[in-house]
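Visitor: I am new to this structure and should like to understand the terms applied to it. May I see it before we begin?

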Amino acid sequence: MLWLALWFPPGLWPTASGPRFPGLAHSPSLLFFKSLVGKDVVVELKNDLSVCEILHSVDQYLNIKLTDISVTDPEKYPHILSVKNCFIRGSVVHYVQLPAHEVDMQLLQNVARKETLQQKQ
Amino acid sequence: MQTTSLPGSKVSACILCEMLSLTQLPGTVAVITSDGRMIVGTLKGFDQTINLILDESHERVFSSSQGVEQVVLGLYIVRGDNVAVIGEIDEETDSALDLGNIRAEPLNSVAH
């Protein structure tokens with residue numbers, strides 16, 4: 001069993017249903033983001049850069065692909081003026097600002113509740 | 001030359017693969033790293049953890065007192081942990097940019 005210790009860090013030991021990886025494809029928060037595909041969002045990154053664009057796709061690590069981007073403050077951040085589509089690594093996202101009218105609050109609360117219950121099990 | 005993704009990733013392909021398959025290669029990309037640097041180059045390869053291989057790369061150093069400085073780097077491997085953003089550069093818009101006249105503060109790092 002020693003070889004398993006080399007592959008699986010603590011917290012990710014295989015369970016009866018297979019190894020657990022964070023951000024599994026069927027996680028509720030991923031499904032929530034998938035429901036926002038095609039909507040305008042503003043993504044604020046941890047380096048303070050804010051990008052306003054259309055959410056194109058999301059993956060299990062919550063990496064985000066965006067199309068038709070525009071920087072919220074181009075005077076301060078002219079760095080990516082020539083970029084129209086981009087891929088943002090999930091780990092650098094600080095906030096994703098959502099259009100309020102696109103979000104069903106009841107659904108969102110249920111999703112959050114389910115996720116908490118799942119994590120406790 | 002094709003952009004390659006390394007074999008052996010059992011988990012379903014991430015959307016980076018999807019993004020790259022839609023671009024016309026060779027694709028010039030701008031990579032913003034976690035320490036706030038901007039590197040422009042041709043993306044030659046990547047993997048599940050977003051490690052990147054960039055060819056003909058140069059770093060664009062922004063400063064508030066003088067224009068953009070381009071430092072030639074050559075062939076680079078960027079470890080995925082340090083990648084923040086990968087943007088597809090639109091060649092026309094980029095060549096229209098007057099880099100000598102852009103004044104900007106360097107980007108912040110992603111640290112808290």
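Visitor: Why is Asp35(B) counted as partly exposed?

Guide: The model is a predicted one, in which local features need pLDDT of at least 70, side-chain atom pairs count only at pLDDT 80 or more, and totals for chains, interfaces and linings use all residues. Residues are numbered from 1 along each chain as its sequence is written, chains are lettered from A and ligands numbered from 1 in the order in which they are written, and side-chain values use heavy atoms, with hydrogens and water left out. Buried means under 20% relative accessible area, exposed over 50%, and partly exposed in between (1.4 Å probe, protein chains only). Asp35(B) has a relative accessibility of 40%, and therefore counts as partly exposed.

Visitor: What makes the pair Arg37(B) and Asp35(B) a salt bridge?

Guide: A salt bridge is a side-chain nitrogen of Lys or Arg within 4 Å of a carboxyl oxygen of Asp or Glu. For Arg37(B) and Asp35(B) the N to O distance is 3.2 Å, so the pair meets the definition. Arg37(B), at 42% relative accessibility, is partly exposed.

Visitor: How do you know that Asp55(B) and Lys44(B) form a salt bridge, and what does the pair tie together?

Guide: The closest N and O atoms of Asp55(B) and Lys44(B) are 3.9 Å apart, and the limit is 4 Å. Helices (H or I, at least four residues) and strands (E, at least two) are DSSP runs, numbered from the N terminus. Asp55(B) lies in strand E4 (residues 52–61) of chain B and Lys44(B) in strand E3 (residues 38–46) of chain B, so the salt bridge ties together parts eleven residues apart in sequence. Asp55(B) is partly exposed because its relative accessibility is 23%.

Visitor: Why is Arg79(B) called exposed, and how is Asp81(B) classed?

Guide: Arg79(B) has a relative accessible area of 51% and is therefore exposed. Asp81(B), with 46%, is partly exposed. The side chains of Asp81(B) and Arg79(B) meet in a salt bridge, N to O at 2.9 Å. Elsewhere, Asp35(B), Arg37(B) and Glu59(B) are joined into one network by salt bridges that share partners.

Visitor: How many salt bridges does the structure hold over all chains, and how many lie between chain B and chain A?

Guide: Over all chains there are four salt bridges. Between chain B and chain A the count is zero.

Visitor: What, then, makes up the contact between chain B and chain A?

Guide: Contact means heavy atoms within 4.5 Å. It takes 37 residues from chain B and 29 residues from chain A. The two chains bury about 2,700 Å² between them, 63% of it on carbon and sulfur atoms; this buried area is the accessible area (1.4 Å probe) that two parts lose on being put together, summed over both.

Visitor: What makes strand E4 (residues 83–88) of chain A and E6(B) a pair of strands?

Guide: Two strands pair if DSSP finds at least two bridges between them. Five bridges join strand E4 (residues 83–88) of chain A to E6(B), and the two run antiparallel, so the condition is met. Within E6(B), Val85(B) is the bridge partner of Ile88(A).

Visitor: How is chain B arranged from the N terminus on?

Guide: Its elements run β-α-β-β-β-β-β-α, which comes to two helices and six strands. Of the 112 residues in chain B, 47% are buried.
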